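Here is a short report on one protein chain. Please look over the sequence and the model before reading on.

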Amino acid sequence: MGNSNSRITAQDKAILDLKLQRDKLHQYQRRIVLLTDRETDVARRMLAAGDKDRALLALRRKKYQEQLLVKTDAQLAQLEQLTRSVEFALIQKDVVFGLQQGTRVLREIHAEMGGIDHVEKLMGETADAIAYQKEVSEMLGGRITNQDEDEVEDELAALEREVNGPGPLPVAPKTEPQIEESQRQPERQEERRPERQAMLSS
């Protein structure tokens, strides 16, 4: 049901087994601690009852359990160190795999680019094309007079009008133009003259 990325590998099982062994050793340590506490209680009771030999036997059993606890601590430390080493080795494996993949992709990209020789050739061709264009521009610029330059610019403007259409029309004013009084009076006098002539003729 899970995808291939969530598949349990042999390394995962090995780490799980190491952790299970570690947990069992922890449980064993707890049992030993309980046994040593119990042996101490037995030794106290035996001494209280006056049975020194049994108290001594209980303390010897306790000493033996404590020695087992020390050995268990050493085994537990080794097991935890081994678990950490395996987990770190798996991380290193993933890092190495990532580096291999990255190197492979870089090689493919370099192959698509044609290698260093191809890039150098392309850069040289580009520089040659730029130099040629600059040389042509300089030659044309040196032979054209100012009048020729103006005519070229006028032709360019005409072509732009032809391609883009006429420019936008000017905006019509929204208010009536203001006429000064000095300009209005002569108009009134000119209007009155035909009226006077009509009256005189009648």
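## Basis and overall make-up

Helices (H or I, at least four residues) and strands (E, at least two) are DSSP runs, numbered from the N terminus. This is a predicted model, in which local features need pLDDT of at least 70, side-chain atom pairs count only at pLDDT 80 or more, and totals for chains, interfaces and linings use all residues. Residues are numbered from 1 along each chain as its sequence is written, and side-chain values use heavy atoms, with hydrogens and water left out.

The chain has 5 helices and 0 strands. Along the sequence the pattern is α-α-α-α-α. Of its 202 residues, 10% are buried (under 20% relative accessible area; exposed is over 50%, partly exposed in between; 1.4 Å probe, protein chains only). The accessible surface is about 18,200 Å², by the Shrake-Rupley method with a 1.4 Å probe, where for residues only the protein chains shown count as cover. Carbon and sulfur atoms hold 56% of that surface.

Contact means heavy atoms within 4.5 Å. Take the contacts between residues at least 6 apart in sequence: 73% of them join residues at least 24 apart.

## Helix α1

The expected span of a helix is 1.5 Å times one less than its number of residues. α1 has 40 residues and should span 58 Å; its end C-alpha atoms are 58 Å apart, so the two agree. Gly-50 follows α1 with a positive phi, near 85°.

Buried residues of α1 include Ile-15, Leu-18, Leu-25, Ile-32, Val-42, Ala-43 and Met-46. Glu-39 and Thr-40 are also among them. The cover over the buried residues of α1 includes α2.

## Two buried polar residues in α1

Gln-29 lies in α1. It counts as buried because its relative accessible area is 12%. Leaving out residues up to four places away in sequence, Gln-29 touches Leu-69, Thr-72, Asp-73 and Leu-76. Of these partners, Leu-69, Thr-72 and Leu-76 are among the buried residues of α2.

Thr-36 also lies in α1. Its relative accessibility is 8%, so Thr-36 is buried. Beyond its neighbours within four places in sequence, Thr-36 is in contact with Lys-62, Gln-65 and Glu-66. Gln-65 is one of the buried residues of α2.

## Helix α2

α2 has 62 residues. From first C-alpha to last it reaches 91 Å, close to the 92 Å expected at 1.5 Å a residue. Its buried residues include Ala-55, Ala-58, Leu-68, Leu-79, Thr-83 and Leu-90. α1 is part of what covers the buried residues of α2. After α2 comes Gly-114, with a positive phi near 90°.

## Helix α4

α4 covers residues 146-164, 19 in number. It reaches 27 Å from first C-alpha to last, close to the expected 27 Å. Gly-165 comes just after α4 and takes a positive phi of about 85°.

## The largest pocket

On a 1 Å grid over the protein atoms alone, a cavity is a set of points where a 1.4 Å probe fits but cannot get out; a pocket is an open set with protein on both sides within 12 Å along at least five of seven lines, and lining residues have an atom within 4 Å of a point. Grid points are joined across faces, edges and corners, and a volume is the space filled by probe spheres set on the points.

The largest pocket holds about 170 Å³ of space. Its lining is Thr-9, Gln-11, Asp-12, Leu-90, Lys-93, Asp-94 and Phe-97. The elements giving two or more residues to this lining are α1 (10-49) and α2 (52-113). α2 gives the largest share, 4 residues.

By class, the lining has 2 nonpolar, 2 polar and 3 charged residues. Ala, Val, Leu, Ile, Met, Phe, Trp, Tyr, Cys and Pro count as nonpolar, Asp, Glu, Lys and Arg as charged, and the others, Gly among them, as polar.
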